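Colleague: Could we go through this model together? I should like to discuss the interface and the sheets.

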Amino acid sequence: MRTVSLFSATLFALLLSACSSQPPAPEQNASGMESRTPSTIGADPSRVESFDPLSVAALKDPRSPLSKRSIYFDYDSYLVKDEYQSLLVTHGKFLAANSTMKMLIQGNADERGSREYNLALGQKRSDAIKKSLSLLGAREDQLESVSLGEEKPACSEATEECWAQNRRGDILYSGEF
Amino acid sequence: MTSAHAQLKIEITGAGANRLPIAIADFSGERIVAQALTSVIRADLDRSGMFRLIDGIGMLGDNTPPPFADLKQRGADTVAGGTTADLNNGRFETRVRLSDVLKQNTLDMQAYVHTGAQLRATAHRIADSIYEKLTGEPGIFSTRIAYVVKSTGRFELQIADADGANAQPALASREPIISPTWSPDGSKLAYVSFEAKKPVIYVHDLATAKRHVVANFKGSNSAPAWAPDGKRLAVVLTKEGGSQLFLVNADGSGVTRLASSAGIDTEPRFSPDGQFIYFTSDRGGSPQIYRIAATGGATERITFDGSYNVTPRPSPDGKSMAYIARTNGRFQLALMDLATKQTQILTDSSKDESPSFAPNGRMLLYATEIGGRGVLAAVSSDGRVKQKLSVQAADVREPSWGPLVR
């Protein structure tokens, strides 16, 4: 078990470093996660067992990137920003390693304009996340992308700051939807 | 009764051009019943913006000759008098006579047998009859409206009379409900519910309160629109990738793809003759309104001005189209003459959504925001008469005007 988890952790670290060699993104925070994970393995072996990065338990472990479930988009944009690539790599690997797990991706849009059109905009966001995950090894039947449009705002004030929080895709796993 | 069930309050501003001056006399007979009837009839006719009510002529039975000289002096062109008799079996009979003041003759006589509980419904029928006799178009006072009320953690799909009275919940949910739309015969509502953590289309039978799923495919299922024959719906599904238009039978069978685009296609609406489907698409780079034959084929772009034109709603006569246009950051209800492509902005608000024509095409009901709260508003299709309908302490949205009652 320990060998497996060490192997997975190493793979995970490799993935992250592979990822950080991608084109630069100013707000990227992957380097912080990269340095933290290997040092945890080296410094305190007892914690390694409790942190198998591709286990179901990691989904809700705040130390795991798998616990990070929200991907934010720019205004009128449906492109997954570079800063989320490493996060999606981790989720893609998780789905590949846990073939019975399924994922529901809920796209959201800010409140301005038509509800049904915003539903379609939220769908473009969840579809973009789904496409990334497919490319990263998740099977088609593990993924469902849907939209909540402007109907479930994380923030309900009419400010740019608030709207930015609502231009979002959320990841849910089996048992959470 | 919770605040969410509270009656919609109506506030009217503006006045129509060339309003017909009419006197609705106090009906004779059973005083309390007659008073209740005449107050609803007057409110209906006044709210339509088509009539100017002439007051002060007192009581007039259906069989009494109207005081034509006095009415003429007060400026009334038409007068309605009536009598309500107690039939002593729990029922009343109300007889109404409509007379032309200038020609001094009878235009119409009608009799209605009704219970006390049917007072408002009877008054709406009388107002409909007067409206149709004098304008040549059907009245919409007996129709119903559907809308969604959002209160804390609760969404209710409600049905009310066109004047906001008798609001009843058809569905309550902790998750959002959007896009309710009436079947052409008024017996059902199609809507989108998010109770399954994703949008799913239902058809809900109002008499039985039973509903069935029309579309719950992988991905999102939304934007239902009834074909005029009530047998099929146009819907938006993402099951084959992207938000795309499909047709489906009302029982959920027979799903067929209607159109294909690389972008978003949504908000379908049939033309009243069933020939075309109007819809919103961003295929040209910004959301604009297009139409396609209901059998599929080539699309035709309808809107060109501005960078955001959405939510097409063809008028009941098929000659015009209401939609939402964004102008200088404001989302406003607009009306386009489909033959000339001339457009008119009908409102001065800035967050208009979800317009819905009255079945006679004279008024449009829509959602807007006042003081950060969702309210329903109505405007005459010439933009002259405006009404605001609000429920205290709740958000009201997604209005849909029901069909004529046959």
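Modeller: Let us begin with a term: two strands pair if DSSP finds at least two bridges between them. Strands (E, at least two residues) and helices (H or I, at least four) are DSSP runs, numbered from the N terminus. The model is predicted: local features need pLDDT of at least 70, side-chain atom pairs count only at pLDDT 80 or more, and totals for chains, interfaces and linings use all residues. Residues are numbered from 1 along each chain as its sequence is written, chains are lettered from A and ligands numbered from 1 in the order in which they are written, and side-chain values use heavy atoms, with hydrogens and water left out.

Colleague: How do strand 12 and strand 13 of chain B pair, and over how many bridges?

Modeller: Strand 12 (residues 188-193) and strand 13 (residues 200-205) of chain B are antiparallel, with six bridges. Within this pair, B:Leu189 lies opposite B:His204 of strand 13.

Colleague: Which sheet do they belong to, and in what order do its strands run?

Modeller: They belong to an open sheet of four strands in chain B, ordered 11-12-13-14, with antiparallel pairing. Strand 11 (177-182) and strand 14 (211-215) of chain B are at the edges; each has a single partner strand, so one side of each has no neighbour in the sheet. From one strand to the next the twist averages 25 degrees, where axes are lines fitted to C-alpha atoms (for helices over the stretch in contact) and angles run from 0 to 180 degrees between N-to-C directions.

Colleague: What about the sheet with strands 15 to 18 of chain B; which strands stand at its edges?

Modeller: That open sheet has four strands in the order 15-16-17-18 of chain B, again with antiparallel pairing. Its edges are strand 15 (221-226) and strand 18 (256-257) of chain B, each with a single partner strand, so one side of each is left without a neighbour in the sheet. Strand 15 pairs with strand 16 (residues 232-237) of chain B over four bridges, and B:Asn221 stands opposite B:Leu237 in strand 16.

Colleague: Where is there a positive phi in the hairpin of strands 20 and 21 of chain B?

Modeller: B:Gly285 takes a positive phi near 110 degrees in that hairpin, which has six residues between the strands. Strand 20 (residues 276-281) and strand 21 (residues 288-293) of chain B run antiparallel and are joined by six bridges. Strand 21 also forms a hairpin with strand 22 of chain B, with five residues between them, and B:Gly296 in that turn has a positive phi of about 95 degrees.

Colleague: Turning to the interface, how much area do chain A and chain B bury?

Modeller: About 2,300 Å² is buried between chain A and chain B, 55% of it on carbon and sulfur atoms; buried area is the accessible area (1.4 Å probe) that two parts lose on being put together, summed over both. A:Arg115, A:Glu116 and A:Tyr117 supply 31% of the area that chain A buries against chain B, more than any other three residues. In contact (heavy atoms within 4.5 Å) are 29 residues of chain A and 33 residues of chain B.

Colleague: How many salt bridges cross the interface of chain A and chain B?

Modeller: The rule finds seven, a salt bridge being a side-chain nitrogen of Lys or Arg within 4 Å of a carboxyl oxygen of Asp or Glu. One of them joins B:Glu175 to A:Lys152, with the closest N and O atoms 2.8 Å apart.
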